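Let's take a walk through a protein model together. Keep the 3D view open and turn it around as you read.

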Amino acid sequence: MLEPKLVQLTAGSAVLGLVLAAGAVTLTGPWDSGQRTAERVRAGAQARTGGADHDAAGPERPAPAPAPSAPGVLTALTATEAAPEPAAPPPAPLAATLGPLLADPGLGPLRTASVIDVTTGKQLYGSGAGTAMTPASTIKIATSAAALTALGPDHRIPTTTVTGPDARRVTLVGGGDPTLDRARLGALAADTARALRSRGVTTVTLAYDTSRYTGPERHPIGVNGNIAPVTALMTDEGRLDGSASGPAPRSADPAGDTARAFAALLTRHGVTTGKAPARARAPQKAVPLAKTWSVPLSALVERALTHSDNDLAEALARQTAIASGHPASFDGAGRAVAERLRELGVPLAGARFADGSGLDRRDRASAALLTALLARAADPARPQLRPVLTGLPVGGFSGTLADRYTDGSPGAVGAGLVRAKTGTLTGVNTLAGTVVTADGRLLAFAFLAGRTPSAAAAQPALDRLASALVP
């Protein structure tokens, strides 16, 4: 016998068959030969040793070129059309459905909402939609959209090694890739050692350069298992327990730990480093030795959204700052994110980007801002933003929604149909994403709640709100 969740998902798919057949290319793209581009790139990266791009030719080899993607199929949105209009009265049926659900005591005394039709940009429901509130991790939607706007989905973050003219000092230069792992670090060490040995060098002094980022390394929340010190050089996000997501014990010095591990790897490949590596800037006229690349930004955005990856979100914000000519600090990244979102023509009244992850309670975003960003991500004229949609967790199946919308839970009808970014801080619970209705419309929604009694009370209320859009 088929399990209830599978029956439900199959039934929903039957109802939406024509919609998904016609619209899936746009809504879950970019696609290439039937496979989502980010998934194909990720799979290809995993097939190589450590997921890196290494070559005996060293740093002269350019980053891999992206494959072309299919064009969009939705009607294009203009900046004016996609912006919610809080003053317009919502249709009575949707207001009658969502109003009582938004009044759930589990959502506390502060709650706002926005629901728009993505194709037309028309607001279907709004309650305080333009009021800026603490968004928690739904701010990652804004961070991701800004990074993709600034850099494009094919951008890769490098980690490099360089030396001076005499090749006696090697500097490991962090580019800001928190996903650098042990395998890629090992491949970088092997390539670096090979380049040194080709010059007849087997003994060097090792330094490491983290100057690509500026300002405080510690997030304002302080030492916390949800985020490592924000530095341009780290391995495995500073995690000490082998985990890939969620809270974990973190290194107090992820850059130093990475440099020391790199020194040991160099020794294993026949290049000794003598004393412990020290932090220092790379020489001005540095000679490249080797390089490793992150996966494309499209895949990084998807990972940041699906798993609510705080370390990766802060890296995306700083990459946006670098591309925008701002200091790669918390303050500089906030200014850069705001500038890039302004280019998209979304409502920024009251918005503040104190960090990229949403851990900072000083962040502010409105429900209208979040739904406008989701609409921009579905716009066929902006295919570079599509990973904002494809990275959203799927209710009952993936990421931070894997254990919600399950059989028997509130809003279970939304399993497989609700795709949304979650947000959770003590007293703050939020949900923003998309849903395809039974009549084939793609809706974007955002529900923000403050001073909530508990996540246990607020999350089911949010799930019921999103699932109410499915019928």
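We'll start with an open space: the second largest pocket holds about 450 Å³. Keep in mind that what you're looking at is a predicted model. Which residues lie nearest the centre of this pocket? They are Ser137, Asn226, Ser308, Asn310 and Leu359, out of 26 residues that make up the lining. Two elements give two or more residues each to that lining, namely helix H10 (310–323) and strand S10 (418–425). Strand S10 gives the most, with 5 residues.

Ser308 deserves a second look. It follows helix H9, and its phi is positive, near 50°. Helix H9 itself covers residues 297–306, and because 9 of its 10 residues are buried, it is largely enclosed by the rest of the structure. Among the buried ones are Leu297, Leu300, Val301 and Leu305, and Glu302 is on that list too.

Now zoom out for a moment. The chain has 14 helices and 12 strands. It is 471 residues long, and 55% of them count as buried. If you take the contacts between residues with a separation of 6 or more, 72% of them join residues 24 or more positions apart.

Back to strand S10, which also belongs to a sheet. Follow the strands across this open sheet and you'll read S4-S3-S12-S11-S10, with antiparallel pairing. Why is one side of S10 left without a neighbour in the sheet? S10 stands at an edge, as does strand S4 (123–127), and each has a single partner strand, so one side of each is left free of a neighbour there. On average, neighbouring strands in this sheet are turned by 5° against each other, if you ignore direction.

Further in, 9 bridges join S11 to strand S12 (residues 442–450), and these two run antiparallel. You can find one spot in this pairing by looking for Thr434, which stands opposite Ala444 in S12. Packed on the sheet is helix H14 (residues 455–467), which touches S10, S11 and S12, and its direction makes about 20° with that of S11.

Pick out Asn429, which sits in strand S11 (residues 428–436). Is Asn429 buried or exposed? Its relative accessibility is 1%, and because buried means under 20%, Asn429 counts as buried. Its side chain still has a polar partner, since a polar contact of 2.7 Å joins it to the side chain of Thr452. Leaving out residues up to four places away in sequence, Asn429 also touches others, including Phe447, Leu448, Ala458 and Leu462.

There is another open sheet to explore, and it has 5 strands in the order S8-S7-S6-S5-S9, with mixed pairing. Its edge strands are S8 (278–279) and S9 (287–293), each pairing on one side only. What does "mixed" look like here? Strand S5 (residues 158–163) and S9 run antiparallel and are joined by 6 bridges. S5 and S6 also pair in the antiparallel sense, over 4 bridges, but S6 and S7 pair in the parallel sense, over 5 bridges. In that parallel pairing, Arg169 has Thr205 in S7 as its bridge partner.

Thr163 is a handy landmark in this sheet. In S9 its bridge partner is Val287, while in S6 its bridge partner is Val170. S5 and S6 form a hairpin with 5 residues between them, and Ala167 in the turn has a positive phi of about 60°. S6 is mostly covered, with 4 of its 5 residues buried.

Helices lie against this sheet as well. Helix H7 (residues 182–197) lies across S5, strand S6 (169–173) and S9, and it runs at about 160° to S9. Helix H8 (residues 254–268) packs on the sheet too, touching S5, S6, strand S7 (205–209) and S8, and its direction makes about 150° with that of S7.

For a last stop, look at Thr192 in helix H7. With 0% relative accessibility, Thr192 counts as buried. A polar atom of its side chain lies 2.8 Å from the backbone oxygen of Leu188. Those two residues are four places apart, and in general an α-helix has 3.6 residues a turn, so residues three or four places apart point the same way. Setting aside residues up to four places away in sequence, Thr192 touches Thr161, Val170, Phe262, Leu266, Leu289 and Ala290.

Definitions and conventions: Residues are numbered from 1 along each chain as its sequence is written. This is a predicted model: local features need pLDDT of at least 70, side-chain atom pairs count only at pLDDT 80 or more; totals for chains, interfaces and linings use all residues. Side-chain values use heavy atoms; hydrogens and water are left out. Buried means under 20% relative accessible area, exposed over 50%, partly exposed in between (1.4 Å probe, protein chains only). A polar contact is a pair of N or O atoms within 3.5 Å; within protein, one must be able to donate a hydrogen and the other to accept it, and residues adjacent in sequence count only if both atoms are side-chain atoms. Contact means heavy atoms within 4.5 Å. Two strands pair if DSSP finds at least two bridges between them. Axes are lines fitted to C-alpha atoms, for helices over the stretch in contact, and angles run from 0 to 180 degrees between N-to-C directions. On a 1 Å grid over the protein atoms alone, a cavity is a set of points where a 1.4 Å probe fits but cannot get out, and a pocket is an open set with protein on both sides within 12 Å along at least five of seven lines; lining residues have an atom within 4 Å of a point. Grid points are joined across faces, edges and corners, and a volume is the space filled by probe spheres set on the points.
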